[in-house]
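Visitor: I'm new to this, so can you walk me through a few of the labels people put on a structure?
Guide: Sure, let's bring it up and take the labels one by one.

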Amino acid sequence: MATRGARLPTSGMTSQWAPEPRPLLGSLFSRRRAGFEHPWWGWLEAPGRDSGFEAPDTMAPDATAETGGSVHLLGFSDEILLHILSHVPSTDLVVNVRRVCRKLAALSLDKSLVHTVLLQKDYQASEDKVKQLVKVIGREIQQLSMAGCYWLSGSTIEHVARCRGLVKMNLSGCHLTSLRLSKVLSALQQLRSLAIDVSPGFDASQLSSECRATLSRVRELKQTLFTPSYGVVPCCASLQKLLLYFEILDRTREGAVLSGQLMVGQSNVPHYQNLRIFYARLAPGYINQEVVRLYLAVLSDRTPENLHAFLISVPGSFAESGATKNLLESMARNVALDALQLPKSWLNGSSLLQHMKFNNPFYFSFSRCTLSGGHLIQRVINGGKDLRSLASLNLSGCVHCLLPDSLLHKAEDDIDSSILETLVASCCNLRHLNLSAAHHHSSEGLGRHLCHLLARLRHLRSLSLPVCSVADSAPRADRAPAQPAMHAVPRGFGKKVRIGVQTCSGPFAGHQPSSAFWSLLKNLPFLEHLELIGSNFSSAMPRNEPAIRNSLPPCSRAQNVGDSEVAAIGQLAFLQHLTLAQLPGILTGSGLLSIGLQCQQLQSLSLANLGMMGKVVYMPALSDMLKHCRRLKDLRLEQPYFNANAQFFQALSQCASLQRLCLVSRSGTLQPDAVLAFMARCLHLVVCHMFTGESLTTCKSLQQSLLRSFQAERPALNVVIFPLLHEGLTDVIRDVPMVHLDEITLFKSRVAEEPPNLWW
């Protein structure tokens with residue numbers, strides 16, 4: 001459900017990207033299937049009301065305030081009602097709520113509600129609803145986000161031209177041709193912030209002079225490229241913030257190889273002289289690297305004097321060129337940065353960080369870099385320099401960053417706690433920290449465990465750790481040893497009991513209050529996003545490649561992290577996003593119930609490779625957990641040999657708010673009838689992605705049945721059912737809307753992935 005909230009005026013880079021508080025009332029107003037009515041509408045109907053939602057002329061003021069001696073909802077002050085209505089989707093306000101009575105009609109059109117309209121993830125925003133919304137309040141809208149509204153046609157998007165007062169507009173993921181974009185932008189003379197996609201067939205020569213005039217005043221541009229192109233960048237002479245997302249595939253559907261040389265002669269040189277923020281994120285593929293070099297070539301000629309943030313996120317290797325070396329040297333001489341992220345090959349073995357100047361840095365990402373503990377202290381923290389301004393730090397894949405400098409050290413060696421202690425003391429205000437894709441083992445010693453040191457970061461709101469890093473230094477005497485898998489004994493539906501191992505019966509039964517991980521979570525009660533990812537974990541479904549058939553074994557220390565540690569997560573009452581991947585020590589999954597009972601704010605859950613790889617040992621516990629996840633919207637489940645049967649879908653259907661489901665299971669099975677029944681019960685579900693071991697015929701038949709049965713009433717429905725190991729998987733994946741592909745279909749660590757609030 002989309003929520004709205006006005007931004008306060010900001011000044012400076014740090015305040016511009018400062019995190020905003022998020023109310024906890026967002027899911028209060030769930031909608032019913034029939035007309036998508038709100039369950040509280042019955043409270044609004046005063047005596048004598050008819051079903052036409054027209055208020056009788058003779059209705060007395062008190063009639064709406066009290067009913068039968070009790071306080072009525074409309075008896076609240078306008079301020080309280082406006083706050084309540086701010087959590088109702090904009091389309092419902094205009095189409096439904098304003099027709100309830102005169103008071104709500106006036107409040108629904110209040111400037112505080114129509115100033116900013118966010119339609120992303122409002123999956124019930126049909127073509128007609130959007131057109132009516134624009135017709136009624138179009139002239140009042142100043143900020144409009146339709147990001148990811150892939151189900152709306154280009155003709156509907158064209159109606160945005162009526163919103164002539166727009167200052168900010170996000171059309172990422174929407175269907176727009178060059179001509180339609182030109183028509184829309186020609187009418188929006190006040191526009192200053194724009195987000196669009198550049199798809200194959202885009203032609204900048206089709207942009208009108210009025211459109212180019214609007215673009216010349218745009219200061220913030222987010223551009224997602226699906227074809228080699230400069231897009232509208234050359235038209236934006238006033239750019240201060242440029243965000244580029246490169247999603248170009250190396251080959252067309254017909255197999256033709258793409259080349260960045262197609263951009264030569266397309267347009268004039270982009271305008272970077274006023275640039276303050278440059279961000280580029282590349283999907284895998286050589287073509288994306290080739291195209292981004294053309295963008296960077298202009299920057300290398302003359303570095304913008306006011307550049308404060310320079311961020312390039314590249315998977316794999318990205319070799320330096322002469323132009324990029326000149327750019328980095330110019331940046332080291334002429335600018336002081338607040339945010340930095342560079343490809344690992346640009347930093348590895350380089351003294352660049354020693355020469356870079358930083359003002360009040362708030363974001364650093366050194367993901368996958370060979371950064372040693374000494375380099376971290378001397379070049380990043382500058383020997384313990386005060387970095388209180390740093391809000392987000394990404395050290396994922398930096399396997400040596402907490403180890404002392406030595407050629408003899410291995411990634412699995414124990415960390416040097418003094419390095420982490422210096423980091424924690426210097427960056428005491430960190431809110432987002434990513435230490436995943438490494439080992440970071442702790443040695444014995446009171447207060448020297450990684451968890452004990454991280455517990456001092458009381459401002460943390462998101463945290464990503466390798467599973468083995470939270471294990472106690474040595475096996476605890478009070479934990480019963482795990483028995484080999486051969487001792488598992490079946491007991492009912494999927495249940496396993498291990499000899500000599502106690503099963504948890506209550507939400508916190510079997511926990512170890514003395515464990516380092518339990519202590520960490522106790523000291524971080526306001527944590528909202530937690531990831532525990534095995535250091536050797538790799539998803540079976542990588543980007544733009546065939547499915548992975550084999551995976552590396554988990555770290556041996558990860559065996560000591562099991563149900564009791566998972567139960568400890570139940571302490572996090574404000575937890576909204578949880579990822580658990582490659583936890584071989586899971587025996588029954590009983591800790592999941594603790595999470596379901598205690599973490600009532602949980603909205604997204606990702607589970608992968610828990611327990612034994614050959615058997616799904618946690619199915620009963622997961623079913624019990626799902627019964628309590630009333631606010632869960634996204635579920636991603638990756639587990640070999642998973643049997644998606646009627647009992648699983650029966651439990652999942654109790655997640656009343658569920659919107660997106662992704663199931664990845666090598667050699668897994670599913671029951672088509674159970675899937676159809678589940679979709680009929682789960683009224684808000686619009687994304688159903690299942691990649692299993694079923695045959696292509698079974699998958700296609702189920703996919704067609706789902707689309708035929710539910711497409712008409714769910715305009716945003718996106719169904720992909722396909723064999724995981726089929727050679728055509730890559731072609732199927734390319735048709736998945738980017739918003740779903742990036743957020744749920746593909747597995748990745750998301751903590752500190754980008755600077756906080758990079759885009760509004």
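Visitor: What makes strand E15 "mostly covered"?
Guide: Keep in mind that this is a predicted model. Strand E15 spans residues 462-466, and five of its five residues are buried. Buried means under 20% relative accessible area, so each of those residues falls below that cut-off.

Visitor: How do you know that both faces of E15 are covered?
Guide: In a regular strand the side chains alternate between the two faces of the sheet. On one side of E15 you have Ser462, Ser464 and Pro466, on the other Leu463 and Leu465, and all are buried.

Visitor: Why is E15 said to pair with E14 and E18?
Guide: Two strands pair if there are at least two bridges between them. Strand E14 (residues 432-434) has three bridges to E15, and strand E18 (residues 529-533) has five, so both pass. Both pairings run parallel. If you want spots to look at, His432 stands opposite Ser462, and Leu463 has Leu530 of E18 as its bridge partner.

Visitor: What about strand E26, which residues cover its two faces?
Guide: Asn718, Val720 and Phe722 lie on one side, with Val719, Ile721 and Pro723 on the other, and all of them are buried. E26 pairs with strand E25 (residues 687-692) in the parallel sense, over six bridges. Phe691 stands opposite Phe722 there.

Visitor: And what makes the link from E25 to E26 a right-handed crossover?
Guide: The chain goes from E25 through helix H24 (residues 696-710) to E26, as a β-α-β crossover. With the strands pointing away from you, the path over the helix runs clockwise, which means right-handed.

Visitor: Why are helices H20 and H21 called roughly parallel?
Guide: The axes of H20 (residues 591-598) and H21 (residues 619-626) cross at roughly 5°. Angles under 35 degrees count as roughly parallel, so this pair gets that name. Their axes come within 8 Å. Leu592, Leu593, Ile595 and Gly596 of H20 make the contact with Leu622, Asp624 and Met625 of H21. That set divides into five nonpolar, one polar and one charged.

Visitor: One last label: why is Ala237 called partly exposed?
Guide: Ala237 has 29% relative accessibility. Buried needs under 20% and exposed over 50%, so Ala237 lands in between. You'll find Ala237 in the loop between strands E7 and E8. Leaving aside neighbours within four places in sequence, Ala237 contacts Leu215, Ser216, His271, Gln273 and Asn274.

Methods:
Residues are numbered from 1 along each chain as its sequence is written. This is a predicted model: local features need pLDDT of at least 70, side-chain atom pairs count only at pLDDT 80 or more; totals for chains, interfaces and linings use all residues. Side-chain values use heavy atoms; hydrogens and water are left out. Buried means under 20% relative accessible area, exposed over 50%, partly exposed in between (1.4 Å probe, protein chains only). Helices (H or I, at least four residues) and strands (E, at least two) are DSSP runs, numbered from the N terminus. Axes are lines fitted to C-alpha atoms, for helices over the stretch in contact, and angles run from 0 to 180 degrees between N-to-C directions. Angles under 35 degrees count as roughly parallel, over 145 as roughly antiparallel, 65 to 115 as roughly perpendicular and the rest as oblique. Contact means heavy atoms within 4.5 Å. Ala, Val, Leu, Ile, Met, Phe, Trp, Tyr, Cys and Pro count as nonpolar, Asp, Glu, Lys and Arg as charged, and the others, Gly among them, as polar.
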